[in-house]
Amino acid sequence: MSEELRTSSIETRGVAGKKRYAMVIDTRRCIGCMACQVACKAEYDTPLGVNRTWVPYKVVGTYPVVKKQFLPRLCNHCDDPPCVRACPVEATYKSDDGGFVLQRYERCIGCRACMASCPYNARFMLPASRTYTKITNVVDKCTFCFHRVAQGLVPACVQTCIGRARVFGDLNDPASEVSYLVARNATQVLRPEQGTKPHVFYIGADRNHTEFGRDIYRRPDVLEGDRAAFQRTRA
Amino acid sequence: MGDYVVFHDVAWHGVYALYFFLIGISAALYFFSALSFYREEFKPLRATSFYGAFALLAVAGLILVGDLSQPLRFVNTLNPGYWNMSSPLVWGTILIVLYGLVSVWYFLKLGDEKAAKLPAVIGAVIALGLPIYTGFDLAVHQARPVWNTPLMPVLFVALSLVSGAAVASFLAKGEARLLGALRQIMLWTTGATAVMVLSLLITTAYGGSSDELTYMFMTSGTIGGIFVGLGILGGTAVPLVLLLLPFGKERAGLLLSSVLILVGGLSLRYSILMGPQIVQTFFS
């Protein structure tokens, strides 16, 4: 990114000497196996009903010309994250080197301002009880597997992706695979108009996912029943 | 169908609207108490409206802390070492603490006409900051239609004054001059609220795709009933007409308007809080 377009001192894309991790998701390679979602759940003991990564799908077209469109989702680790701006106690912050947007669980007060500010629904409240993990009643999110990356590994979802739909690396390194993919393919980010400068890039994302679709007007009853049941558990 | 579908939750539930409502009334009552030093007709309100403001501050504070998923960690918000000044919640924390401290100062000096004036005025200025910060609480979220407008802080000031005046009319104990002054405040602030809500509706209806959907949610179904039915029609338009009629100048008409205004004030805050959030839960 050119100097002129960098509007905030928090941004690290293109800053010499700093890493700026990013993920490229090639939706043409995604088969909707949900292995990434399961790997993430296993890595973090993420409770039922909430997800650090998830793979929504939409059936597009009319039989027999139909296709299931998948859009793997996670925190976009924005270069200018609104959640960091919104947190009153700096419980959420952006790491200076790497660009990870992370959470200090012991400091989080659970005001949910970060959830309100996220345009991507990437944040969620952890329930009061969990099976193996003691971190409860605070906001959680994808960390780009910071603990794995710090040890030279890739995130769990990338490691497990059978179609290599997810690719992870340093976008500030011109020799990295993510730099190559972003340079050689038409990519898009989610909701670019929000000015968050997301660092999850999609190749071949379907607009039925990336836009507020008109199918909100045509919500199937079966899903509305499930949605109502989900909201009862949150109330 | 329905397998692997992930649902999202709204961030702030309805209880937050109740906080907005109560802290707004508290701020306005304090303001009216301070006004008694400059306007003779408000003098009967000085003590009672201050006590009301203080009680509501305590209740609203408890609601705010109780709504945190880690209530005891509210102390983190009092630690300047943790403060993130770009968050309006920090502005709110500072204002609420100052408001509480100045309220105690005012309480201690309440019997002394001269000494009470300074804490009254300082407290009133701080109190004005409370609805402003709650407006910014919503306005800073750039991804939410309706919230992300410069109108929010001004609308919350108007809602605070009108709801506070409605409560004050019950504390006025039939004082004719005071009721007349409160009627004027209610009339103008209800009118201002109506103009701002209308402006919000129009700009939202003519906005982009998420604005269009927010407009749909806020004008139909349950939220539509609360926003349009209780908030705009029952809680703004009807009391506005009532206050303009001769009946609105009588005590019964004024109190009836006050009840409607209070129902409307809570409904508007609730629907403005929830509507844009519900739309967001539908994004992938």
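## A tour of chains A and B

Select chain A: of its 235 residues, 40% are buried. The model is a predicted one, and the values here are computed from it.

Stay with chain A and colour by secondary structure. Eight helices and ten strands appear. Turn the C-alpha trace of chain A along its principal axes, and the spans come to about 50 × 45 × 30 Å. The radius of gyration of chain A is 18 Å, which agrees with the value near 18 Å that a compact globule of 235 residues would have. For a view of the fold's connectivity, take the contacts in chain A between residues at least 6 apart in sequence: 61% of them join residues at least 24 apart.

Next, show both chains and select the contact between them. Chain A contributes 44 residues and chain B 36 residues. On the side of chain B that touches chain A, pick out α3 (88-109) and α7 (209-219), each of which supplies at least two residues. Colouring that side of chain B by class gives 17 nonpolar, 17 polar and two charged residues.

Now move to the interior. The largest nonpolar core holds 146 residues. Select Y30(B), F31(B), A165(B) and L182(B), the residues with the most contacts inside this core. Then select helix α1 of chain B, residues 15-35, which gives the most to the core, with 16 residues.

Finish by centring on F31(B). Leaving aside residues up to four places away in sequence, what does F31(B) touch? Its partners are A124(B), A127(B), L128(B) and G164(B). Show these as sticks together with F31(B) to see the contacts.

Note on methods
Residues are numbered from 1 along each chain as its sequence is written. Chains are lettered from A and ligands numbered from 1 in the order in which they are written. This is a predicted model: local features need pLDDT of at least 70, side-chain atom pairs count only at pLDDT 80 or more; totals for chains, interfaces and linings use all residues. A nonpolar core is a set of buried Ala, Val, Leu, Ile, Met, Phe, Trp, Tyr and Cys residues joined through C-beta atoms within 7 Å. A residue is buried if 20 or more other C-beta atoms lie within 10 Å of its own, exposed if 12 or fewer, and partly exposed in between; C-beta atoms are placed from the backbone. Helices (H or I, at least four residues) and strands (E, at least two) are DSSP runs, numbered from the N terminus. Two residues are in contact if their C-beta atoms, placed from the backbone, lie within 7 Å. Ala, Val, Leu, Ile, Met, Phe, Trp, Tyr, Cys and Pro count as nonpolar, Asp, Glu, Lys and Arg as charged, and the others, Gly among them, as polar. The radius of gyration is taken over C-alpha atoms; the globule rule is 2.2 Å times the number of residues to the power 0.38.
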